[in-house]
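Me: I am just starting to read protein structures, and I would like a close look at how helices pack against one another in this one. Could you take me through it slowly, and then go on to the residues that deserve a second look?

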Amino acid sequence: MYKVTLTHIIDKMGLTNFTPEFDTDKIEITQSDVNRPALQLAGFFDHFDSDRVQLVGNVEFAYMKQLVDDERANEIYNKLFASKIPCMIFCRGLEPCERMLKVAKEYEIPILGTKRFTSEFTAEIIRWLNVELAPRITIHGVLVDVYGEGVLIMGESGIGKSEAALELIRRGHRLVSDDVVEIKKVSDETLVGCSPDITRHFIELRGIGIIDVKTLFGVESVKMSQSIDLVIQLEEWNKNTDFDRMGLEEKHIEFLGNKIVCHAIPIRPGRNLAVILESAAINFRAKKMGYNAAKELYDRVTGNLNKGEE
């Protein structure tokens with residue numbers, strides 16, 4: 001199970017901390033969903049998702065102001081914070097009352113705040129937590145941003161993945177990760193790749209050693225993360241292997257249950273691999289926009305054959 005500290009959330013979201021005396025480094029969030037405790041403030045605690053971040057908006061805040069009965073309010077707040085929620089965040093610039101702060105401090109529950117609208121903040125924190133807490137794997141490969149498409153280059157060690165990535169960088173494309181790629185499943189449609197902190201911006205070239213891409217080519221040559229749109233599998237040339245020559249049927253490779261289009265490209269001396277990878281990325285982009293060159297050629301050929309038969 002992946003976790004993110006509350007301190008990280010506070011820093012990332014720019015939250016105000018109404019209880020700075022608590023050590024937020026020790027509080028870990030494991031759920032990407034959030035909860036608005038409207039029913040809990042009304043006293044209904046069945047099916048309460050107490051392990052989620054709790055958000056307070058106008059509705060919850062308006063109800064809190066109606067809790068004029070101190071005994072009733074203390075009972076609700078004690079039951080709410082006794083469930084050991086990770087934190088409570090007030091949206092829209094709202095601030096907790098002294099009575100709530102007092103009970104929260106007794107149970108050591110951080111109370112935070114943001115000036116952002118509740119719906120906007122809810123969408124943003126869920127999106128961010130989905131990425132941070134996403135299931136992930138680490139694979140051997142090189143990830144490059146080519147014309148906005150995330151191209152994952154795979155193949156046996158020493159086949160030329162890093163060299164191909166270096167030539168792409170020289171041609172204006174951007175490196176995400178060399179050698180080791182961490183893949184996160186942020187949704188059923190999207191995989192995001194990034195580099196481990198320790199190897200970020202570095203490329204290993206056999207015979208030369210380690211080079212720092214960011215230092216040599218500038219900040220425009222690197223990228224922190226990128227969605228993985230296309231996989232290129234580099235393979236040694238073998239005349240007995242039947243490589244796809246038309247591309248009418250797409251092949252796929254699966255990571256974390258998500259399928260990604262995959263092309264096997266044979267490696268042979270004299271082939272300009274960088275140009276081939278650029279062409280693959282452009283062709284993939286064209287297909288996403290509705291144009292398939294292989295199908296266009298197939299339609300022309302079959303059309304001519306039909307004319308000949310007539």
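Reply: Let us begin with helices α1 and α6, which are oblique to each other, and keep in mind throughout that the model is a predicted one. Two packed helices are described by the angle between their axes and the distance between the axes. For α1, which covers residues 6–13, and α6, which covers residues 118–132, the axes come within 12 Å and cross at roughly 130 degrees. Angles of 65 to 115 degrees count as roughly perpendicular and those over 145 as roughly antiparallel, and α1 and α6 are therefore described as oblique. The crossing also has a hand, since α1 passes α6 in a right-handed way.

If you look at the side of α1 that takes part, you will find His 8, Ile 9, Lys 12 and Met 13, and these meet Phe 121, Glu 124, Ile 125, Trp 128, Leu 129 and Glu 132 of α6. Sorted by class, the residues of this contact are six nonpolar, one polar and three charged.

A second pair to set beside this one is α7, residues 161–170, and α9, residues 273–288, whose axes are 9 Å apart and which pack at an angle of about 75 degrees. With that angle, α7 and α9 are therefore roughly perpendicular to each other. From α7 the contact takes Ala 164, Glu 167 and Leu 168, while α9 supplies Leu 273, Ala 274, Leu 277 and Glu 278. Five of the residues in this contact are nonpolar and two are charged, with no polar residue among them.

Helix α7 is worth following a little further, for it is mostly covered, with seven of its 10 residues buried. Those buried residues are Lys 161, Ser 162, Ala 164, Ala 165, Leu 166, Leu 168 and Ile 169, and you will recognise Ala 164 and Leu 168 from the contact with α9. After α7 comes Gly 172, which has a positive phi, near 105 degrees.

The third pair is α4, residues 70–82, with α5, residues 98–106, where the axes come within 9 Å and cross at roughly 35 degrees. This crossing, too, is right-handed. On the α4 side the contact is made by Asp 70, Ala 73, Asn 74, Tyr 77, Asn 78 and Phe 81, and on the α5 side by Arg 99, Met 100, Val 103, Ala 104 and Glu 106. By class, the contact of α4 with α5 holds six nonpolar, two polar and three charged residues.

Now for the residues that deserve a second look, beginning with backbone angles. Most residues other than glycine have a negative phi. Lys 84, however, has a positive phi, near 60 degrees, and its place is in the loop between α4 and β6. With a relative accessible area of 54%, Lys 84 is exposed, because the cut-off for that word is over 50%. His 47 also has a positive phi near 60 degrees; this residue is found in the loop between α2 and β5, and it is exposed as well, with a relative accessible area of 77%.

The aromatic rings come next, and there are two aromatic pairs to find. In one, Phe 45 and Phe 48 meet edge-to-face, with 5.7 Å from centre to centre and 85 degrees between the planes. Phe 45 counts as buried at 15% relative accessibility, and Phe 48 is buried at 14%. In the other, Phe 61 and Phe 90 are again edge-to-face, at 6.4 Å centre to centre and 85 degrees between the planes. Because Phe 61 lies in helix α3 and Phe 90 in strand β6, this pair ties together parts that are 29 residues apart in sequence. Phe 61 counts as buried at 18% relative accessibility, and Phe 90 does so at 0%.

A last phenylalanine to examine is Phe 255, which sits in strand β18, residues 251–255, and is buried with a relative accessible area of 6%. Leaving aside its neighbours within four places in sequence, Phe 255 is in contact with Ile 137, Ile 139, Leu 152, Met 154, Ile 183, Leu 191, Val 231 and Ile 260. One of these partners, Leu 191, is 64 residues away along the chain, yet its C-alpha atom is separated from that of Phe 255 by 8.2 Å.

Note on methods:
Residues are numbered from 1 along each chain as its sequence is written. This is a predicted model: local features need pLDDT of at least 70, side-chain atom pairs count only at pLDDT 80 or more; totals for chains, interfaces and linings use all residues. Side-chain values use heavy atoms; hydrogens and water are left out. Axes are lines fitted to C-alpha atoms, for helices over the stretch in contact, and angles run from 0 to 180 degrees between N-to-C directions. Helices (H or I, at least four residues) and strands (E, at least two) are DSSP runs, numbered from the N terminus. Angles under 35 degrees count as roughly parallel, over 145 as roughly antiparallel, 65 to 115 as roughly perpendicular and the rest as oblique. A crossing is left-handed if the near helix is turned anticlockwise from the far one by less than a right angle, and right-handed if clockwise. Contact means heavy atoms within 4.5 Å. Ala, Val, Leu, Ile, Met, Phe, Trp, Tyr, Cys and Pro count as nonpolar, Asp, Glu, Lys and Arg as charged, and the others, Gly among them, as polar. Rings of Phe, Tyr and Trp (its six-membered ring) pair if their centres lie within 6.5 Å; planes under 30 degrees apart count as stacked, over 60 as edge-to-face and the rest as tilted. Buried means under 20% relative accessible area, exposed over 50%, partly exposed in between (1.4 Å probe, protein chains only).
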